[in-house]
Amino acid sequence: MTYRKFQATQLFTGTEMLGDDHVLITDENGDVEDITRVQDAGDGIQQFDGVLTPGFINCHCHLELSHMKGLIPEQTGLVDFVFKVVTERHLPDEAIAEAIARNEEAMIANGIVAVGDICNNLSTLPQKSKNNLAYYNFIEATGWLPDVADARFERSLGFYKAFETNDHGGTQAKPHHSLSPHAPYSVSDKLWALIRPYFKNRTVTIHNQETVFEDELFTHGSGDFVRMYRMMNLDTSFFKPTGKSSLQSYLHNLDTAAQIILVHNTFTSPDDIAFVKRESSVVNWCICINANLYIEKAVPPIDLLRKQHCAIVLGTDSLASNHSLSILDEMKTIRHHFPSVALSELLQWATINGARALQMEGRLGSFEKGKQPGVVVLEYLENGNVGGITQAKKIL
């Protein structure tokens with residue numbers, strides 16, 4: 001059997017950082033054989049300046065919105081952003097398909113090996129059928145009015161079945177698709193009841209506390225979402241505030257999920273984090289910091305999540321709310337705003353944490369024997385600082 005051997009300034013295993021005296025050994029297909037000392041590795045070692053790491057896991061993406069890059073101005077606030085996505089996302093099918101293919105290729109080039117992708121239609125299915133990347137497809141259910149719950153559920157279920165037909169377990173013999181609620185402010189109690197049976201043993205995701213107005217809606221029935229409903233001509237007289245935060249109002253609906261990914265969390269409070277820690281052991285907090293800055297000019301409470309030992313994962317959101325679908329770009333921005341976060345911690349969020357959240361840890365996320373996680377080099381390391389890395393490059 002032919003083996004490939006990789007040595008770099010540092011080697012990140014998925015859980016720890018090793019020095020340049022270690023060599024990663026894989027077979028020619030990329031299956032990990034071993035990590036050994038350089039003196040035991042033999043000859044034929046490829047050497048790199050930088051960090052070797054398993055491939056990145058993008059836990060939150062909207063690949064279907066790739067054609068919207070640059071169409072929505074920055075810092076509109078979430079309500080106006082959502083309204084623009086809903087009203088301006090329509091382009092010819094050919095343009096949408098071309099943008100999807102081009103940006104999938106860009107993700108692969110910059111080291112991403114798996115994606116948790118939001119799906120509101122079937123536009124990404126032809127590209128995903130080529131199996132260039134591992135996907136966990138989150139078929140999104142949206143419907144704030146109880147009267148539309150049945151129709152919206154049937155629509156989402158149709159997409160779910162289409163992705164189910166194409167789902168062969170990806171990197172494992174587990175299904176890699178689920179029905180997922182869009183957000184607390186866009187799913188009625190009736191729609192929750194219809195989609196809940198589809199959560200069992202799946203990874204389920206939801207946009208969480210992306211704006212301060214989300215909690216204001218659930219606590220007091222006021223705030224900017226009331227304006228959005230008026231803009232959409234929705235009669236919301238049925239809604240009764242819970243008197244609690246949005247997160248504390250809906251989390252019980254996700255109790256049968258194998259993994260939960262809460263996305264954004266820009267305005268999550270210490271009380272909400274404590275509540276989650278009490279109520280669930282399978283919650284992953286997905287940080288999409290560049291999108292938060294793009295939409296709200298705000299950053300999530302990363303230090304607070306770290307202090308509470310929360311499981312953190314990374315996402316890019318969409319090109320409607322970001323300039324790239326690059327996990328390295330997300331890490332650079334996090335490091336800029338939170339310089340105390342070590343590179344090894346960031347890489348753990350980007351690799352093994354993400355693989356666990358998407359239930360792909362049996363194959364991806366770490367350099368363990370028998371896995372095929374991809375091999376990425378982060379070029380130009382400077383004092384262990386992610387800011388000194390110029391690019392992520394997939395080499396296997």
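**Side-chain contacts and the parallel sheet**

Lys190 and Asp150 are joined by a salt bridge in which the closest N and O atoms are 3.2 Å apart. Here, as throughout, the description refers to a predicted model. This pair links distant parts of the chain, with Lys190 in helix α5 and Asp150 in helix α4, 40 residues apart. Both partners fall into the partly exposed class, because the relative accessibility is 38% for Lys190 and 39% for Asp150, and the class covers the range between the 20% and 50% limits.

A search of the whole structure returns 13 salt bridges, among them a contact between the side chains of Asp31 and Arg363, with an N to O distance of 3.1 Å. Here too distant parts of the chain are linked, since Asp31 belongs to the loop between β3 (22-27) and β4 (32-37) and Arg363 to the loop between α13 (343-357) and β14 (375-379), at a separation of 332 residues. Asp31, at 22% relative accessibility, counts as partly exposed, and Arg363 is likewise partly exposed, with a relative accessible area of 23%.

Arg196 forms a salt bridge with Asp255, and the closest N and O atoms of this pair are 3.0 Å apart. Arg196 is located in the loop between α5 and β10, whereas Asp255 is located in the loop between α8 (246-250) and β11 (259-264), so that distant parts of the chain, 59 residues apart, are linked by the pair. The two residues differ in accessibility class: Arg196 is partly exposed, with a relative accessible area of 28%, while Asp255, with a relative accessible area of 54%, is exposed. Salt bridges also connect Asp80, Asp224 and Arg227 into a network.

Among the aromatic side chains, the count of ring pairs comes to 11. The rings of Tyr136 and Phe138 have centres 5.1 Å apart and planes at 25 degrees, and the pair is therefore classed as stacked, the cut-off for this class being planes under 30 degrees apart. Tyr136 and Phe138 are both buried. A tilted arrangement is found for Phe153 and Tyr198, for which the centre-to-centre distance is 5.9 Å and the angle between the planes is 55 degrees. Because Phe153 lies in helix α4 (residues 149-166) and Tyr198 in the loop between α5 (189-195) and β10 (203-208), the pair ties together parts that are 45 residues apart in sequence. Phe153 is buried, with a relative accessible area of 9%, whereas Tyr198 is partly exposed, with a relative accessible area of 27%.

Ring pairs further link Trp144, Phe218, Tyr229, Phe238 and Phe239 into a cluster. A contact between a charge and a ring is present at Tyr135, where Lys128 lies over the face of the ring at 4.9 Å from the ring centre.

Four strands make up an open sheet with parallel pairing, in the order β10-β11-β12-β13. The edges are occupied by β10 and β13 (311-314), each of which has a single partner strand, so one side of each is left without a neighbour in the sheet. On average, and with direction ignored, neighbouring strands of this sheet are turned by 30 degrees against each other. Within the sheet, β11 pairs with strand β12 (residues 283-287) in the parallel sense over four bridges, and Leu262 stands opposite Trp285 in β12.

Helix α10 (residues 289-296) is mostly covered, with six of its eight residues buried. These buried residues are Ile289, Asn290, Ala291, Asn292, Tyr294 and Ile295. The packing partners of the buried residues of α10 include the sheet strands β11 and β12, together with α1 (78-88) and α12 (327-337). After α10 comes Lys297, which has a positive phi, near 55 degrees.

Methods. Residues are numbered from 1 along each chain as its sequence is written. This is a predicted model: local features need pLDDT of at least 70, side-chain atom pairs count only at pLDDT 80 or more; totals for chains, interfaces and linings use all residues. Side-chain values use heavy atoms; hydrogens and water are left out. Rings of Phe, Tyr and Trp (its six-membered ring) pair if their centres lie within 6.5 Å; planes under 30 degrees apart count as stacked, over 60 as edge-to-face and the rest as tilted. Buried means under 20% relative accessible area, exposed over 50%, partly exposed in between (1.4 Å probe, protein chains only). Helices (H or I, at least four residues) and strands (E, at least two) are DSSP runs, numbered from the N terminus. A charge sits over a ring if NZ of Lys or CZ of Arg is within 6 Å of the ring centre and within 35 degrees of the ring normal. A salt bridge is a side-chain nitrogen of Lys or Arg within 4 Å of a carboxyl oxygen of Asp or Glu. Two strands pair if DSSP finds at least two bridges between them. Axes are lines fitted to C-alpha atoms, for helices over the stretch in contact, and angles run from 0 to 180 degrees between N-to-C directions. Contact means heavy atoms within 4.5 Å.
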